[in-house]
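The following paragraphs lead the reader through a protein model, from a pocket to cysteines, aromatic rings and a loop glycine. Please keep the sequence and the coordinates at hand while reading.

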Amino acid sequence: MNREERYRAARERYAEFGVDAGAAIRKLKEIPISLHCWQGDDVQGFEDAGPLSGGIQTTGNYPGKARTPEELMSDLDKALELIPGKKRLNLHASYAVFEPGETADRDALEPRHFKAWVEFAKKRGLGLDFNPTLFSHPKAAEATLSSADPEIRKFWVDHCKCCLRISEYFAEELGQPCLMNIWIPDGLKDIPADRFSPRARFAQSLDEILSIGYDKEKVLVSLESKVFGIGLESYTVGSSEFCLGYAASRGILPLMDNGHYHPTEMVSDKISSILLFFDRLALHITRSVRWDSDHVVLFDDETKEIAKELVRNDALGRVCLGLDFFDASINRVAAWVMGMRNFQKALLYALLCPNEKLAALQKEGDFTKLMLLQEELKTCPFGDVWDQFCRESGVPEREEWYGEVKRYEETVLSRRN
């Protein structure tokens with residue numbers, strides 16, 4: 001059979017479970033996922049601020065790292081043309097684009113410093129998301145929004161206020177909301193004597209940031225937690241409990257990064273609880289390995305389970321989705337393409353599940369048939385439906401996209417010294 005015939009056969013197989021494969025493809029085409037710019041240059045940004053700090057490390061020295069805004073945008077273009085579906089772009093504040101001879105510290109950033117990114121997004125039909133950059137800076141050496149030094153704390157509060165205005169600018173220029181996510185690297189390597197005071201200062205700083213007033217329809221502010229970081233193994237100020245409590249009490253979004261929890265915790269198990277108490281939720285999709293996050297997303301069990309929770313709870317309209325990983329040991333463009341396509345595969349896999357039928361079996365207590373159907377679905381011809389989605393989206397199928405990346409590496413990436 002050719003690929004079109006295989007897709008027709010796959011549709012028939014899924015129809016036996018009461019699933020419309022064509023409807024699943026149409027739904028997937030409308031799910032926006034934010035691609036993170038920082039995979040392309042190992043989280044360096046354009047400030048020339050020195051090595052990464054704040055518990056962040058990028059390992060590997062694969063050739064071809066983007067060094068300028070033009071190179072990063074070129075690499076993003078190559079990735080975007082190989083990724084199906086609806087995309088957004090996620091930026092950090094450290095990716096401001098200055099005019100020649102111009103510079104501005106992070107507490108003085110303005111919307112005009114991101115005009116190049118707005119123009120990039122407009123030409124490609126992308127929405128933009130944004131993140132204050134509270135790491136890799138001399139004033140982030142000890143702490144940021146939880147610092148005991150009021151001058152340090154003010155610097156970072158002012159930075160986040162700038163970022164709120166930049167996020168509003170993105171939303172106004174592009175005609176769609178901008179997610180602005182706050183994450184801090186503050187914490188301690190060893191056992192603290194006072195856990196309370198830094199968290200109280202963090203809450204006060206956040207209150208100051210939000211007090212400036214902003215259009216809540218245009219800017220969706222989220223707060224991201226983390227269980228530990230490199231050099232912050234014993235205590236993080238922005239713990240899961242802090243971030244959930246703050247977000248719930250202030251009416252902002254919690255952001256869950258599935259690499260920011262204890263290895264035995266699964267974000268897929270947390271989603272339904274969050275949806276009960278929050279109108280909206282943000283997710284950073286990544287892959288943790290032992291205690292480390294930010295590995296390239298795979299089509300693995302937890303990624304599929306996260307996608308199932310979003311689909312079966314009819315939550316896709318309530319959740320802001322984005323990727324977050326950085327790997328310098330492999331081709332960076334390929335990492336983007338693999339990560340995005342793998343998460344889209346997980347969403348399609350979830351859309352092809354007869355979720356109402358499975359939920360009914362659970363409610364009836366028929367756990368034998370529930371297990372049977374869940375296992376049979378694993379061997380359904382999912383790959384043929386994915387191929388059809390790629391064809392309809394005008395991107396290469398299967399591993400065929402890799403040839404494009406290798407040609408780009410040979411003609412562009414390999415020439416960067």
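**A pocket, its lining and selected contacts**

Strand E12 makes the greatest contribution to the lining of the second largest pocket, supplying three residues. The model under discussion is a predicted one. The volume of this second largest pocket is about 430 Å³. Its lining comprises 22 residues, of which Pro32, Arg88, Arg280, Val319 and Cys320 are the closest to the pocket centre. Two or more lining residues come from each of strand E2 (87-92), strand E3 (127-131) and strand E12 (319-323). In chemical character, the lining of the second largest pocket divides into ten nonpolar, eight charged and four polar residues.

The cysteines may be considered next. How many disulfides does the structure contain? The count is zero. A disulfide is a covalent bond between the sulfur atoms of two cysteines, and the criterion applied here requires the two sulfur atoms to lie within 2.5 Å. Two cysteines illustrate how the geometry fails this test. For Cys353, the closest cysteine sulfur belongs to Cys380 and lies 9.0 Å away, which is too far for a bond. For Cys390, the closest cysteine sulfur is that of Cys353, at 19 Å, and this separation is likewise too far for a bond. As to solvent exposure, Cys353 has a relative accessibility of 11% and therefore counts as buried. Cys390 is also classed as buried, because its relative accessibility is 0%.

Aromatic contacts form the next topic. Across the whole structure, a search finds 15 aromatic pairs. One of these joins Phe299 and Tyr349: the ring centres are 6.0 Å apart and the planes meet at 75 degrees, so the arrangement is edge-to-face. Phe299 is located in the loop between strand E11 (292-295) and helix H9 (301-312), whereas Tyr349 belongs to helix H10 (residues 332-351); the pair therefore ties together parts that are 50 residues apart in sequence. The two partners fall into separate accessibility classes, Phe299 being partly exposed with a relative accessible area of 27% and Tyr349 being buried with 10%.

A further pair is formed by Trp401 and Tyr402. Their ring centres are 6.0 Å apart and their planes stand at 85 degrees, so this pair, too, is edge-to-face. Are these partners buried or partly exposed? Trp401, at 8% relative accessibility, counts as buried, while Tyr402, with a relative accessible area of 39%, is partly exposed. Elsewhere, ring pairs connect Phe114, Phe130, Tyr169 and Phe170 into a cluster.

Aromatic rings also take part in contacts with charged side chains. Arg124 is placed over the face of Phe120, at a distance of 3.8 Å from the ring centre. Similarly, Lys216 sits over the face of Tyr214, at 4.7 Å from the ring centre.

The final residue to be examined is a glycine. Gly213 is found in the loop between helix H6 (196-210) and strand E6 (219-224). With a relative accessibility of 31%, Gly213 counts as partly exposed. Although Gly213 and Leu164 are 49 residues apart along the chain, their C-alpha atoms are separated by 9.1 Å.

How values were computed. Residues are numbered from 1 along each chain as its sequence is written. This is a predicted model: local features need pLDDT of at least 70, side-chain atom pairs count only at pLDDT 80 or more; totals for chains, interfaces and linings use all residues. Side-chain values use heavy atoms; hydrogens and water are left out. On a 1 Å grid over the protein atoms alone, a cavity is a set of points where a 1.4 Å probe fits but cannot get out, and a pocket is an open set with protein on both sides within 12 Å along at least five of seven lines; lining residues have an atom within 4 Å of a point. Grid points are joined across faces, edges and corners, and a volume is the space filled by probe spheres set on the points. Helices (H or I, at least four residues) and strands (E, at least two) are DSSP runs, numbered from the N terminus. Ala, Val, Leu, Ile, Met, Phe, Trp, Tyr, Cys and Pro count as nonpolar, Asp, Glu, Lys and Arg as charged, and the others, Gly among them, as polar. Buried means under 20% relative accessible area, exposed over 50%, partly exposed in between (1.4 Å probe, protein chains only). Rings of Phe, Tyr and Trp (its six-membered ring) pair if their centres lie within 6.5 Å; planes under 30 degrees apart count as stacked, over 60 as edge-to-face and the rest as tilted. A charge sits over a ring if NZ of Lys or CZ of Arg is within 6 Å of the ring centre and within 35 degrees of the ring normal.
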